[in-house]
Every structure is written in structure tokens, then in C-alpha cells.
Amino acid sequence: MTGSWRLGVRNLLRNPRRTLLAALSVAVGSGSLIFTMGYVDHIERYLETTQIHLLHTGHLGVYRAAGYEQAQIRPQEHGFAPEQQAAIAAVLAADPNVERHIPYLVGSGMVSSGCDQLPFRATGLPPADLSWLYTRDVVLREAPELATFVAGGAPWDSTAEAPLVLGQGLARMLNKPLTLREAPEAVGSGFVDCADPSAKASLAQDAWVQLVSETFDGRLAAMDGQVAAHITTGFSEYENNTLLLPLDVLQRFYGTELVTYTAVFLRDAEDIDAKAADLERRLTAAGLDIRVYPWTHPATSPNYTSQVPLLRIIEVFIVLIMLAVVGLGIVNSMTMAILERRKEFGTLRALGYTPDAILGLVARETTALVVAALGVGAVGGVLAALATNALNVRIKPPAVAGTIQFVVQPGLGTSAGISVAIWVLALASTLLVARGQLRRRIVDLLYSEDAR
Amino acid sequence: MRTLLPALVALLLTLSAQATEPPPDANALILSAERAWAAAEQGVTAQVSVSATEKGVPRTLELQVEARGENARVEILSPAKEAGQVLLINGERLWFWEPGLRRPVPISPQRALAGVVSIGDVMFTRLSETYTAGTATSQTLGGAATWVVPLTARSATAPYPMVKVWITQDTQLPVRLELADKGGRTLKITEIAYGPPLTVGAETRPFPSTVTITDPQDPNARATLTWRTPKVVTLPDARFDPASLVVVTQP
């Protein structure tokens, strides 16, 4: 520690009450901001992870040129045939930044328990890919509640012919609380007379359902399915109609070899718009009539793109309010500290210290105080976050199915940013006031009223 | 002009006669029109060929229809992909089943069967029970004098909320139906031609031979149902019991 730093620290210790007050305002302010930003950062990462992995958007989605809009209306004309799937796979396999690519078939229809009948939105993908998505580190870290099965077991381990995963809202409305794990065998057989009051209770005893829909070529088709698991999608919009099943089973059901889109998962997903444009260019050059959507596109990620901007606006307002409160507190503490030291400044000036030398001393004092206080604030913010997480506080944000844990995960980058902002604020306010005082004559400083 | 004059006079006299003739009771007309389906009251079987075109794509189906009253059982005979599928109506309830399916699936009569043809179109509907008749008006259709009766569904379970029926004044048989949604927008037009009558006991009953269905919103959407080899038979209740599908499923 150089002499100037030592002098600065000694000055701080000389007036512990003043130092404690100033440090408290910095520590509480920085800790609160770190805590708040930790929640907002977590929610953003949660939404991003959910959208990309559990709502099956991928970082990039490769569709036929008009496929995203038309695939549900004219699936036969807007899906990828096997040769196109192979061509896409070849381009993606040659890209070292592609971690995995998954073919998806999307369709709709009605699912029946035997009595109750509800519409479904089916997503078909290879079971091994579903397993990969549900066991990814990022998914287990950011959205662990959505990566577990509310009921039943891992569908990719099922030996059933058509293992289905139902959104828990759909399972509840169908009155299908049991999965293959609890009810591997069908109860009774065939037709159940729904006019019989005991019919629904009887149907609830097994995991069998029937799907009915039009095939891609316009035929009416039905199939049996066995409920292997219930999931929560995290979003009310999908909770009551989500149905996941193996790609080959869904293709057989719709009588097609097509897939609706390919989701691409990248190792480096920074600058996603440029990466989407680059992939689109390469696939087009390979003779494919496609369109690539980044996961941030409003068409493929309506939840993320509608919620995150709102979240950010709220975040900006909260941060501005907190910064204003914290900033005023810091400015007030620092101003008072400087005003209390006018005689001291006069003495130093009389001893031959130049104004710049005194400002340097003040800057060191402020930095020492703020750094120590920021450290305390950061530790406090992290401890508050850990305590909050341990308490498992449940909240129900709008459009979210059920409740989610109020998780606070302070990020290093955000915390560092907050710390630097507070340090700059404290330093600027201190130096501004000190410079104003040091412009006064030495005699005025020496005879100024003591603010203490 | 001389040659046109007698024709004009005749037309005016006809119109004048029609204008003065009071319209018949619409409910009586509908009951009479239901004679077209009356053979089905005893139980009737027929093979139906469905030839449909939708979005320029042709599609054909061969069906075995068994009907009695409000109940019907329709089995698809061909194409091979769909052979064995059964549609079963018991009163207002409809099930779909295909070989290997564990349980029959309840479905809606409005569900498309082939192109513009929905399942309800191959069933027999008792108009007098399902709809409330409005006031009949006279109209000439294809050179034949007809009564036009507007019908409004009695309940939400009716295949169509609004129906307009053209009934020929001489045979009292329905020859055209306009099927509309709640707002009155015509969804389908059904035209019925009749073949040789069926013998039911000591009587003969008319029976449709060809039904043509078009979609006024889509000029390319058109289907023809040809009823062949109709026979009056006795059909037991079990044929229309969805549990009978289980027998096929679980031998």
C-alpha cells in the first residue's frame, strides 16, 4: 500500500460513523441491485432455455419457404420429404458449430380417453433427441422443474408401441392421471359406455388413449397411444394441448414421411440473426427452398418475444428507481463527508498540498470505501439470493402454467457492471463536491463552519 | 312474337295459380319428404361409391352402409388403406373405429370423410325430428315445381344449423338441400336423384340412387355418392351398438 492509499484508509477510519453510513448506502444499494438483476437475469435465461429446448424451437429452425405459416394448413405441401431432410442433414453435419439437429413433425387432432375428447397439438421427434433435450446441462440448470416428468417415467425408455407424453393440463382434462409406470396394463377392453356413471372412473384406471385425426392425404385415421409421462410445458397456452410422441409413430399416424422442420442446436449461438442468415444462404445454395428462423423470431418464439421486452422495460424502471435511491444516498453521504472535511482540506492546502493531490487522496479514500462496501453488498446480495432460493418461494407470473420457484441467480457480469456503475457514481459525486470546495481560498476553508 | 305470346300467357296463368294457391303445411311436407328415407326405417343395406374431388385431387371410397332409423353403420371397403374402418351412429352419438384400435373413438358427424363429404352426409337424418320447419314457398327447380322449406336446427347437435329443402310438388320427395351455418352462409348443396323404388312389405318406397354434393365456396370441391344394390333387411340393435366393434377388436 502506498503512502497516499494508507493516508486515505486512515482518514476513513478516523471518522467511523461517517464511513459506516457511506459504506452502508453503497452496500445496501449494490446488494439490492445485484439481487434484483439476479432475478431478471434468471427469468431471461429460463425463458430462453425453455423456448429453445423444451418448446423445441432450437437456436435455429429450418422450415420450407412458406412452411411455418402453411405447414398446419397444408402439411402435405409444406414439409420436408426424405431427400430434402437428407440434404439439410448433410449441410448441418458439415458445420462444426452445429451441436445437434433434430427433425420435427407437428400435427393436430383429437385425443380421446374413451369418453372425453380434446384437441391436441402433437410434436413428434426421435426419442433419443427428446432424451438429449431433457438431460442437457443448461436445461437442468436453468429450468429443472420443466425437465422433470410430473408423472410417469422417461418416455425414451418405454417399450410401448406408441408412448405419449401429455401436457399435465391435457392429462387432467382427459381424466388420465395414471401413466404406464403405474398402470402398464389396459383396464377392461374395448368400448366403454360413457352413459354409465362409473365409466370415467374406469377409464382413469389405465394409461390408454386414442388419437383421431385426418392424415396428410385427407383420410380419417385413429391410433392407440399409451401415456408414458406427464410434463409441464411452463406455459398456460400449451399446457392443455401438448402431446409429444416418437417421430416415426406420428409419421405413421399421419401416413407421411415428411417432417415439418429441423431444429438446429448451436455450440455458439451469439449473433443469432447473422447465423440464421448464413445457414439460410448455405441451404439455399444446396438447392433447398427453405427459410431459417432464429429462435428470437416472433413467429417461432411468441412467448419469449412478447414477454422479454416487457420484462426488460420493468427491469429498466426498477433499476432506474433503485439507482436513483442508491445514487442519492451515495451522493448525500459523500457530499456530507467532504463538507465535514473543509478545514482538513484548508490545512492540507496550507501545508503545500496542491488541489490535484488532495483530489487524488479523496479519490483513493472513496475507492477504498466503495470497493469494501461493494464487496459487502455483493456478499449480501448473494447470501440473500441463496436464502431466497432455499426458501423455495413460489410465484405465478402471467401466462405461466402453475407456479414457478422465485429463483435469484446473480451473474458475475451483471454484478461487475453494477459495481462499476456505483463506483463511478460515488467517485464522480465525491470529486465534484471536493473540487468545488478546493476552489475556495485556503483561509476560507480553514475558517469554514464545521459541519460535524 | 306470335309464338311467344301463348307461352307468356300460360306462364302468367301458372304463376297466378301458384300465387293464389296457399302453401301447404311445411311440417306435413317434411314428413312426406322423409318417405325418401322411409325404407331405412325398416333397415336397409346398400353399397355406396363415393367419388370426391378436393383441391383438384380425386378420391374414391367404397362403403357398405347399414341403416335403420337414426342408426347407421358404415364400413369402408376400399381403398385398402382404409378398409375395415367403421363409422357407427347410434342416435346422436357417432364413433369411429379401425382394425387394431383398442376403443372406438367418439367423433363429430361434421368430420370430413372424403373431400366435401362429411360423415353425416352418408347417414339418414330425420329432418322432422332434428329441425323446425318455416313457411314453405313455391319455386321452379330444373323445370320442376317444388316447395322450398327452410329448416332451423332444434339443438346444437344437428349436423347443420340451417337447412333449406326443395321438395318436388308431384312426388313430394326432397331433391335439393342447402346446408348452412348459423349465419345462413351455405356450406354445401346436396342434390338427390332417385332410383327404382324398394319394396317394403306390400308397399314400394322411393330410395336415392345418386347424391351430388358441392361446396359453393369452392367450385372444385365436388362429390358424388352412388347408392347401389339397396336391400330392405332386418337389422338387429347389436349392429349399431359400439360394443359390437369391440367383438371385432377383442376376438
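**Chatting through the two-chain model**

Author: Let's start with a salt bridge: Asp217(A) and Lys81(B) meet through their side chains, at 3.5 Å from N to O. Keep in mind that this is a predicted model.

Reader: OK, how many salt bridges cross the interface of chain B and chain A?

Author: The rule finds 2 salt bridges there. As for polar contacts between chain B and chain A, the count is 5 residue pairs, both residues at pLDDT 80 or more.

Reader: Which elements of chain B give two or more residues to the side that touches chain A?

Author: They are strands S5 (93–97), S6 (105–106) and S7 (112–114), plus helix H5 (243–249), of chain B. The largest share comes from S5(B), with 3 residues.

Reader: And how do the residues on that side of chain B divide into nonpolar, polar and charged?

Author: You get 14 nonpolar, 3 polar and 9 charged.

Reader: How many residues does each chain bring to the contact?

Author: Chain B brings 26 residues and chain A brings 32 residues. Between them the two chains bury about 2200 Å², with 55% of that on carbon and sulfur atoms.

Reader: Switching topic: how many disulfides are there over all chains?

Author: The count is 1 disulfide. It joins Cys115(A) to Cys194(A), with an S to S distance of 1.9 Å.

Reader: Is that disulfide left-handed or right-handed?

Author: It's left-handed, because the torsion about the S-S bond of Cys115(A) and Cys194(A) is about -100°.

Reader: Where do the two cysteines lie?

Author: Cys115(A) lies in the loop between strand S2 (98–112) and strand S3 (117–125) of chain A, and Cys194(A) lies in the loop between helix H7 (168–173) and helix H8 (199–203) of chain A, so the pair ties together parts that are 79 residues apart in sequence.

Reader: Is Cys115(A) buried or exposed?

Author: Cys115(A) counts as buried, at 16% relative accessibility. Cys194(A) is at 30%, so it counts as partly exposed.

Reader: Now Glu142(A). Where is that found?

Author: Glu142(A) is in helix H6 of chain A, residues 137–142. Its relative accessible area is 5%, so it is buried.

Reader: Which residues does Glu142(A) touch?

Author: Leaving out residues up to four places away in sequence, Glu142(A) touches His42(A), Arg45(A), Tyr46(A), Thr49(A) and Gln409(A). With Arg45(A) there's a polar contact of 3.1 Å between the side chains.

Reader: Last one: which residues are buried in helix H13 of chain A?

Author: In H13(A), residues 342–350, the buried ones are Arg342(A), Glu344(A), Phe345(A), Gly346(A) and Leu348(A). The helix is followed by Gly352(A), whose phi is positive, near 110°.

Notes. Residues are numbered from 1 along each chain as its sequence is written. Chains are lettered from A and ligands numbered from 1 in the order in which they are written. This is a predicted model: local features need pLDDT of at least 70, side-chain atom pairs count only at pLDDT 80 or more; totals for chains, interfaces and linings use all residues. Side-chain values use heavy atoms; hydrogens and water are left out. Helices (H or I, at least four residues) and strands (E, at least two) are DSSP runs, numbered from the N terminus. Buried means under 20% relative accessible area, exposed over 50%, partly exposed in between (1.4 Å probe, protein chains only). A polar contact is a pair of N or O atoms within 3.5 Å; within protein, one must be able to donate a hydrogen and the other to accept it, and residues adjacent in sequence count only if both atoms are side-chain atoms. Contact means heavy atoms within 4.5 Å. Buried area is the accessible area (1.4 Å probe) that two parts lose on being put together, summed over both. A salt bridge is a side-chain nitrogen of Lys or Arg within 4 Å of a carboxyl oxygen of Asp or Glu. Ala, Val, Leu, Ile, Met, Phe, Trp, Tyr, Cys and Pro count as nonpolar, Asp, Glu, Lys and Arg as charged, and the others, Gly among them, as polar. A disulfide is a pair of cysteine sulfur atoms within 2.5 Å.
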